[in-house]
Amino acid sequence: MHQTQPSLKISEITPEHFADIIKLGNEVHGDNYLTDESLQEIYQKGFNHDINLSYVAHMEDKLIGFRLTYAPNKWKIDKWCTPTQWGVDSDKVVYFKCNTVDEAYRGHGIGGKLLTASIEKAKSVGAVAGVAHLWRQSPGNSSVKYFTKAGGILVKDHPDRWNKAHYGDNYICTICGEDCHCVAAEMILHF
């Protein structure tokens, strides 16, 4: 007898996904990486008018990944950004806030599918590129490898990006604990 594999479903994020997104995000990135309040703010920044740029991945009824993306002009260019090196008008750039896949489902292209869905929506609102800060200390530097494979180009490394002095006192890094010194690789992906 032939067993069918569960199918992957990629869909836009809705508030009904929030609890599962927060749970997975905090498991992967550290306690208090996402909260109800922060996710609500992120969700709102993911819209350009009524077009949602953020996605979730489900396998059967289980949320196994998500891509959080800010629409152009809905995010702040701060000291961790180097727009003079992007090669495009910052008004046409989305911010790839976070791409997270459950450890048990990594290595099967799910992160890439989430990114592709977000890019297609970003193009529909006039974006030509996306910037991200990739976690250099991710297992095997997988986040930078994944984004590079997708066409991302390193702009600059930013040490201590998620340190409590800059990110807030409540975040607890899965590697460093309360005093995070992980490096963020600022990368741009043109599309």
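**Figure 1. Contacts across the whole chain in the predicted model.** Of the contacts in the chain with a separation of 6 or more, 75% are between residues 24 or more positions apart. The chain contains five helices and eleven strands. Its radius of gyration is 16 Å, close to the 16 Å given by the globule rule for 191 residues, so the chain is as compact as a globular protein of that length. Along the principal axes, the C-alpha atoms fill a box of roughly 60 × 40 × 30 Å.

**Figure 2. Surface and charge of the chain.** Buried residues account for 47% of the 191 residues. The accessible surface amounts to about 10,000 Å², and carbon and sulfur atoms contribute 49% of that surface. There are 20 positive and 23 negative side chains in the chain. The centres of these two sets are 6 Å apart.

**Figure 3. Surroundings of threonine 69 in strand E6.** Strand E6 covers residues 62–70 and includes threonine 69. With a relative accessible area of 0%, against a cut-off for buried of under 20%, threonine 69 is buried. Its side chain makes a polar contact with the side chain of serine 118, at 2.7 Å. Ser118 is also listed among the contacts of threonine 69 once neighbours within four places in sequence are set aside. The other residues in contact with threonine 69 on that basis are Lys45, Gly46, Leu53, Ser54, Val94, Tyr95, Phe96 and Lys97.

**Figure 4. Lysine 45 in helix H2.** Helix H2 spans residues 36–45, and lysine 45 lies in it. Lysine 45 is partly exposed, with a relative accessible area of 22%. Not counting residues up to four places away in sequence, lysine 45 touches Thr69, Tyr70, Ala71 and Lys74. Thr69 is the buried residue of the previous figure. Between lysine 45 and tyrosine 95, which are 50 residues apart along the chain, the C-alpha separation is 9.6 Å.

**Figure 5. Histidine 58 in strand E5.** Histidine 58 has a relative accessible area of 12% and is buried. Leaving aside neighbours within four places in sequence, the residues in contact with histidine 58 are Ser7, Leu8, Lys9, His17, Leu63 and Ile64. Strand E5, where histidine 58 lies, covers residues 55–59.

**Figure 6. Glutamate 60 and aspartate 61 in the loop between E5 and E6.** Glutamate 60 is exposed, with a relative accessible area of 61%. Aspartate 61, in that loop as well, is exposed with a relative accessible area of 76%. Most residues other than glycine have a negative phi. Phi of glutamate 60, however, is positive, near 55 degrees. Aspartate 61 and glycine 152 are 91 residues apart in sequence, and their C-alpha atoms are 31 Å apart in space.

**Figure 7. Histidine 49 in the loop between strands E3 and E4.** The loop that holds histidine 49 joins strand E3 (47–48) and strand E4 (51–52). Histidine 49 has a positive phi, near 55 degrees, and is a residue other than glycine. Its relative accessible area is 74%, and the residue is exposed. Histidine 58, in strand E5, is buried by contrast, with a value of 12%.

Note on methods. Residues numbered from 1 in each chain as written. Predicted model: local features only at pLDDT ≥ 70, side-chain atom pairs only at ≥ 80, totals over all residues. Heavy atoms only, no water. Helix = DSSP H or I, 4+ residues; strand = E, 2+ residues; numbered from the N terminus. Rg over C-alpha atoms; globule rule 2.2 N^0.38 Å. Buried < 20%, exposed > 50% of the residue type's maximum accessible area, 1.4 Å probe, protein only. Contact = heavy atoms within 4.5 Å. Areas by Shrake-Rupley, 256 points an atom, 1.4 Å probe, with all protein chains shown as cover. Lys, Arg positive; Asp, Glu negative; His and termini not counted. Charge placed at Lys NZ, Arg CZ, Asp CG, Glu CD. Polar contact = N/O pair within 3.5 Å; in protein donor to acceptor, adjacent residues only side chain to side chain.
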